[in-house]
Structure formats: structure tokens, C-alpha cells
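Me: Please take a close look at one part of this protein for me. I would like to know where one residue sits, what surrounds it, and how that spot fits into the rest of the chain.

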Amino acid sequence: MAGTAETITATHHEPMAYQGVGIRFVALLIDSIILGIIGWILGVLFGVYTTGFTMNPQGAVSGWGIVTFIIYIAYYTYLEGTRGQTIGKMIMKIRVVKEDGSRIDMGTAFIRNILRIIDGLIFYLIGAILIWTSHKKQRLGDRAAKTVVIKA
């Protein structure tokens, strides 16, 4: 059943409730708002935005998209690699762990998050379809990194 948590027992005998699209989407929205604010502040400080939300034409060709992509991947990789949770996941009380229930490291977090490039296609429809069709509710990044999202 889509949207319900499935309980599986991990090797250390603690139940893992895999989390589906809905709660993960809300966490993603929270993180996107945070990253949008950070990107806008940095854009203003570095002159990418002239007034308000209008992009300076020189900023558009300065590689700002690459900078924001690096910030985006670094945010997810650092927080998940050190805490297992981004701010959005903390608020929604979910976290990322390895399939065996152990903590993930920075390398695992990077693999998981660099694949957001594919999972995020068509407004995260690719990731959602993969979650809906996985008994462990894993998107491509989770499958490659051997991670799952569970209740915190």
C-alpha cells in the first residue's frame, strides 16, 4: 500500500519503518526552502541578484547554477553523512540509515545525493516512481548507496 510504513527487522533487532513519498516530499520542501534562502542570500552578497529576485545578466553566465548545485549536494551530503538527517528530515522525524540499520558515512551520503540528478527529474517523479515500486521504499540514490529512509 502506497504511503504506509512497512516494518522490517534490522540485524540489531530494532524495527525499521520505511518511509514513503509523502513524508519525504514534505522534508524535501522544507530543505528546498532553506536552500533557496541560503542561495538567495549568497547571490545577493556575490552580486548575482541585482534587486530582489532579479538576476544580474552577468550572474547568469558566471556559473551560479554550478555553485548552487554544489551547495545543494554539500548540504544533503554533510547533514546526512554526519547526522543521518537534513533539517527537513529532522522536522519530519525521519532519517537515512544503511539497509542494515547502521549509520551512513559521508561517502554513502554523497553517492545517495549525487543521484538526485536522476531522481529529481520531472519534479522528482522519477524518484517517486522508484519509491512506489520498491518494497524498501528506495529511490535510485538509496538503491545505489544501499540506504533506506526510516522513522527517526
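The residue is threonine 147. In which strand is its place, and which residues is it in contact with, leaving aside its neighbours within four places in sequence?

Reply: Threonine 147 has its place in strand E4, which covers residues 147-151. The model is predicted, so read every value here as computed from it.

Start with burial. Threonine 147 has 0% relative accessibility, and the cut-off for buried is under 20%, so threonine 147 counts as buried.

Now its surroundings. Set aside the neighbours within four places in sequence. Threonine 147 is then in contact with Val96, Val97, Lys98 and Glu99. Its contacts also include Ile104, Thr108 and Arg112. Gln138, Gly141 and Asp142 are on the list too.

Take Arg112 from that list. Arginine 112 and threonine 147 are 35 residues apart along the chain. Their C-alpha atoms are separated by 7.7 Å.

Next, Thr108. Threonine 108 lies in helix H5, residues 106-114. Its relative accessibility is 12%, so threonine 108 counts as buried against the cut-off of under 20%. Again without the neighbours within four places, threonine 108 is in contact with Lys98, Ala145 and Thr147. Lys98 therefore appears among the contacts of threonine 108 and among those of threonine 147.

Lys98 leads to another strand. Strand E3 spans residues 94-98, and isoleucine 94 is found in it. At 0% relative accessibility, isoleucine 94 counts as buried. What does isoleucine 94 touch, not counting residues up to four places away in sequence? Val149, Ile150, Lys151 and Ala152 are among them. So are Gln19, Ile23, Arg24 and Ala27. Gln85 and Lys89 complete the list.

Arg24 deserves a second look. Isoleucine 94 and arginine 24 are 70 residues apart in sequence. From C-alpha to C-alpha they are 8.1 Å apart in space.

Arg24 also takes us to the largest pocket. About 280 Å³ of space lies in that pocket. It is lined by 18 residues, and those closest to its centre are Arg24, Phe25, Leu28, Tyr124 and Ile131. Helix H1 (21-45) and helix H7 (121-132) each supply at least two residues of the lining. By class, the lining has 11 nonpolar residues, one polar and six charged.

Now step back to the whole chain. It has eight helices and four strands. Along the sequence, the pattern reads β-β-α-α-α-α-β-α-α-α-α-β. Of the 152 residues, 39% are buried. Consider the contacts with a separation of 6 or more. Residues 24 or more positions apart account for 62% of them. The accessible surface comes to about 8,500 Å², and 71% of it belongs to carbon and sulfur atoms.

One last feature is aromatic. A search of the whole structure finds two aromatic pairs. In one of them, the rings of tyrosine 75 and tyrosine 76 have their centres 5.3 Å apart. Their planes stand at 85 degrees, and over 60 counts as edge-to-face, so that is the class of this pair. Tyrosine 75 is buried, with a relative accessible area of 11%. Tyrosine 76 is buried as well, at 0%. Together with Tyr72, Tyr75 and Tyr76 form one aromatic cluster.

Back to your residue: threonine 147 is buried, sits in strand E4, and is in contact with Thr108 of helix H5.

Note on methods. Residues numbered from 1 in each chain as written. Predicted model: local features only at pLDDT ≥ 70, side-chain atom pairs only at ≥ 80, totals over all residues. Heavy atoms only, no water. 1 Å grid on protein atoms, 1.4 Å probe; cavity = no way out; pocket = protein on both sides within 12 Å on 5 of 7 lines; lining within 4 Å. Points joined across faces, edges and corners; volume = space filled by probe spheres on them. Nonpolar A, V, L, I, M, F, W, Y, C, P; charged D, E, K, R; others polar. Buried < 20%, exposed > 50% of the residue type's maximum accessible area, 1.4 Å probe, protein only. Contact = heavy atoms within 4.5 Å. Areas by Shrake-Rupley, 256 points an atom, 1.4 Å probe, with all protein chains shown as cover. Phe/Tyr/Trp six-rings, centres within 6.5 Å; stacked < 30°, edge-to-face > 60°.
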